[in-house]
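Visitor: Could you take me closely through a single part of this model, the surroundings of the ligand, and then show how the neighbouring framework is put together? I would prefer one connected account.

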Amino acid sequence: MPSRPYIVGNWKMNGTRAMLTEARAVGRVAARYPGVAVALAPPFTLIHAMAENVQDIAVGAQDCHVAASGAHTGDVSAPMIWDAGARFTIVGHSERRAKGGLGHGEDDATVRAKAEAALAAELSVIVCVGETEAERDAGKAEKIVASQLAGSLPPLESIGTRLSVAYEPVWAIGTGRVPSVEDVGAMHRAIRERLLEIYGEEGRGVRILYGGSVNAGNAGELLAADEVGGALVGGASLTADSFGAIIYAAQLLLESRRG
Ligand code: PGA
C-alpha cells in the first residue's frame, strides 16, 4: 500500500438528497484521518449537492460518455461531470461491462475511450477490471485481467498521476465472498507487472485498488496485501458507520507500517 491509501465508495444506483447526511458524516471521519484519501462516487444526480455540501472527501462519478457533448439522449459527459463538481470518475465497472440482463455491454475499447474522455476533461479516472467466476475456475483470471488492461487503459501521454486501476473480481461484487489475501496479492502483483509493461516506469505510480465485498471486518487484511493501494467499496460505503470503519482500518494499517 502506498503512503496515502485511497478509499473510494461507489454508491451505484442508490441515494437521494436525504443521504447527504451520510456523506457529511463520512467527511467528518475523513477529516480525522488526513493520511487516508477518501472519495465517494454517488449517482450523477447527487454529484453537485455532495460536492457543495461535503468537506474533506473527493466527489466523483460512476461513468461518463465518450463524447464531450452532442445528440446522446440520457447520457452525461466528462466535462459536465467536472462542471457539477466531480474530480474523478470510475469507468469500466463490471456492471457496465456486463452483456446480459440490465448491463450495458461495454467492451474494452469503449472503456478506454471513456477513460480518455475523462482525462481530457481533467478528471482523474479509476479503470475497473476483473474476471468472472467461470474464468477464475478455468485458471484464466490473470490472462483475462491482462487483456482487459491492454484493451482498456488510456495512453501514457494522457495519464499523468490521474490513473488508478481497480481489480474487482466479478464473483466477489455484492456477494460477501472475497478472494484469499494471497490471491489478491498475486493478482495485484500481476497487474503491476502489466502496468510496467504498458507504461514503463510510469506504471509504478498507478494506484491499484481492490474491490468486491470489502467491509470493516476484512478491509485491514485486504489493504495489507501486496500492491493494494486502496479499496473500491460498494454496499459498505452506503452508511458512514460501515464506510468509516473501512477508513479507520486503512488508518490503522498506516500507523502499523509507520511503526
Ligand atoms: P461491493 O461492490 O463492495 O458491494 O461488493 C464493489 C463494487 O462493485 O465496486
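Guide: In this predicted model, the ligand is surrounded by 13 residues, and the closest of them are Lys 12, His 93, Glu 168, Gly 174 and Ser 213. By class, the residues of this shell divide into seven polar, four nonpolar and two charged. Three polar approaches to ligand oxygen can be described individually, beginning with His 93, which places a polar side-chain atom 2.6 Å from an oxygen atom of the ligand. Gly 174 contributes through its backbone, where a polar atom is 2.6 Å from an oxygen atom of the ligand. Gly 234 likewise takes part through its main chain, with a backbone N or O atom lying 2.8 Å from a ligand oxygen atom. As for enclosure, the ligand taken alone exposes 290 Å², and the protein buries 95% of that area.

One of the closest residues, Ser 213, also deserves attention for its backbone, since its phi is positive, at about 55 degrees, although Ser 213 is not a glycine. Ser 213 is found in the loop between β7 and α10, the latter covering residues 219-223. A positive phi in a residue that is not a glycine is found at Glu 122 too, where the value is about 75 degrees; Glu 122 lies in the loop between α5 and β5.

Turning to the framework, the strands form a closed barrel of eight, running β1-β2-β3-β4-β5-β6-β7-β8 with parallel pairing. From one strand to the next, the twist averages 25 degrees. Strand β7, which spans residues 207-211, runs parallel to β8, residues 230-233, and two bridges join the pair. Within this pairing, Gly 211 has Leu 232 of β8 as its bridge partner. Helix α9, made up of residues 181-199, packs on the sheet and touches both β6 (163-167) and β7, with a direction that makes about 145 degrees with that of β7. Elsewhere on the barrel strands, helix α5 (residues 108-120) lies across β4 (88-91) and β5 (124-129), and α5 runs at about 165 degrees to β5.

Read together, these details link the ligand's surroundings to the end of one strand pair: β7 ends at residue 211 and β8 at residue 233, Ser 213 sits in the loop between β7 and α10, and the backbone of Gly 234 supplies the 2.8 Å approach to a ligand oxygen atom.

Technical notes:
Residues numbered from 1 in each chain as written. Predicted model: local features only at pLDDT ≥ 70, side-chain atom pairs only at ≥ 80, totals over all residues. Heavy atoms only, no water. Near = heavy atom within 4 Å. Polar contact = N/O pair within 3.5 Å; in protein donor to acceptor, adjacent residues only side chain to side chain. Areas by Shrake-Rupley, 256 points an atom, 1.4 Å probe, with all protein chains shown as cover. Nonpolar A, V, L, I, M, F, W, Y, C, P; charged D, E, K, R; others polar. Pairing = 2+ DSSP bridges. Helix = DSSP H or I, 4+ residues; strand = E, 2+ residues; numbered from the N terminus. Axes fitted to C-alpha atoms, helices over the stretch in contact; angles between N-to-C directions. Contact = heavy atoms within 4.5 Å.
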